[in-house]
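Me: I have the structure open. Take me through it in short questions and answers.

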Amino acid sequence: GNAWFISLMGHIPDLLSKGYIVVIPEYTRGLRVWPNQLVNCREALKFTHDFVPTIGGDRSRIIVMGVSAGGHLSAMLSLEKKTRRLITGAVLMYPAIDLFMTDIPFTVSFGFSLSILRIRKGQGLLEWFWENIIIGPSKITPRSVKEACPRHLLTQISKEDIQEVPPILLITGSGDSVCAAEAGRIFVNELKAKRKVGVIKRDGYVEFPRLEHSFDSHSGVLTMSNARIIRRWIEEVFTGHAGEEGKD
């Protein structure tokens, strides 16, 4: 993550201490450079898939994980046809899952209009940020908006192809004023509803009460608890994945 133009990395020491190989993708930084960030992440995933066996890694056990903007990018990789087949699971931490909150009230919105900053009354903070900082007003179109939105992308995946989407764990806080917890909750429910009956995918949703955006930015009991949840889920996904391969 963070905000599609700053690179922040968390949970890495914990994962390294447990024997995981951690690959940290870098992406183009700057204003209005979208979709370079996503393109760079696609390239990093493909490189990891091809390279990790040479350092003792297992390419059939790749987990993508990101916080906030990184959660958005990880969701996109998990849903896009060309990349989802390379992923075993995805951990999305308080992700920007529905950029324009199509049917969910904005958690933070402007109560005024200000033309110099292109602010519209009633516009959500995340929507304004995406339009003016990430994509840019000159490139904003209905298509560009939809193509960048994980929740919309999920609606475009057929029930036959949904099984290619890896299991997803979404973690958020109910008090998140940037990326509404309700958006994440709806996304996971929609994902589960599309899965075939009888097909086990370990999609999960964890919502910490009253916590704000970036609640695990600092080390402490909460961060340690969150790390344990992530590790336990990853282990369950790997175990299930091995079982599924054995059935084939």
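Reply: Start with a rule: a salt bridge is a side-chain nitrogen of Lys or Arg within 4 Å of a carboxyl oxygen of Asp or Glu. The model is predicted: local features need pLDDT of at least 70, side-chain atom pairs count only at pLDDT 80 or more, and totals for chains, interfaces and linings use all residues. Residues are numbered from 1 along each chain as its sequence is written, and side-chain values use heavy atoms, leaving out hydrogens and water.

Me: By this rule, to how many salt bridges does the count come?
Reply: The cut-off is the 4 Å one just given. Applied here, it brings the count of salt bridges to 14.

Me: Is Glu127 buried or exposed?
Reply: Glu127 forms a salt bridge with Arg120, with the closest N and O atoms 3.2 Å apart. Buried means under 20% relative accessible area, exposed over 50%, and partly exposed in between (1.4 Å probe, protein chains only). Arg120 has 39%, so Arg120 is partly exposed. Glu127 has 13%, so Glu127 is buried.

Me: How far apart in the chain are Glu207 and Arg185?
Reply: Their side chains meet in a salt bridge, at 2.9 Å from N to O. Glu207 is in strand β4 (residues 204-208) and Arg185 is in helix α8. Helices (H or I, at least four residues) and strands (E, at least two) are DSSP runs, numbered from the N terminus. This pair links distant parts of the chain, with a separation of 22 residues.

Me: What is the relative accessible area of Arg61?
Reply: Arg61 forms a salt bridge with Asp58, with the closest N and O atoms 4.0 Å apart. Asp58 is partly exposed, at 38%. Arg61 is partly exposed too, and its relative accessible area is 38%.

Me: Which residues do salt bridges that share partners join into one network?
Reply: Here, salt bridges share partners. The network they make joins Lys81, Arg84, Arg85 and Glu164.

Me: Why is helix α5 largely enclosed by the rest of the structure?
Reply: Helix α5 covers residues 125-135. Its cover includes α2 (36-51), α3 (69-79) and α6 (142-147). Among its buried residues are Trp128, Phe129 and Trp130. The helix is largely enclosed because, of its 11 residues, the number buried is 10.

Me: How many residues does α5 give to the largest nonpolar core?
Reply: A nonpolar core is a set of buried Ala, Val, Leu, Ile, Met, Phe, Trp, Tyr and Cys residues joined through side-chain atoms within 4.5 Å. The largest one has 43 residues. α2, α3, β2 (89-93), α5, β3 (168-173) and α8 (181-194) each supply at least two of them. α5 gives the most, and its number is seven.

Me: Which residues have the most contacts inside the largest core?
Reply: Contact means heavy atoms within 4.5 Å. Leu92, for one, touches Ile97, Ile168, Leu170 and Phe187, among others, not counting residues up to four places away in sequence. Those with the most contacts inside the core are Trp34, Leu92, Trp130 and Phe187.

Me: Which parts does the pair of Trp34 and Trp130 tie together?
Reply: Rings of Phe, Tyr and Trp (its six-membered ring) pair if their centres lie within 6.5 Å; planes under 30 degrees apart count as stacked, over 60 as edge-to-face and the rest as tilted. Trp34 and Trp130 lie 4.9 Å centre to centre with 65 degrees between the planes, an edge-to-face pair. The two are 96 residues apart in sequence, so the pair ties together the loop between α1 and α2 and helix α5.

Me: What is the relative accessible area of Trp130?
Reply: Its partner Trp34 is buried, at 10%. Trp130 is buried as well, with a value of 0%.

Me: What kind of pair do the rings of Phe110 and Phe112 make?
Reply: Phe110 is buried at 17%, and Phe112 is partly exposed at 41%. Their ring centres are 5.7 Å apart. The planes stand at 70 degrees, so the pair is edge-to-face.
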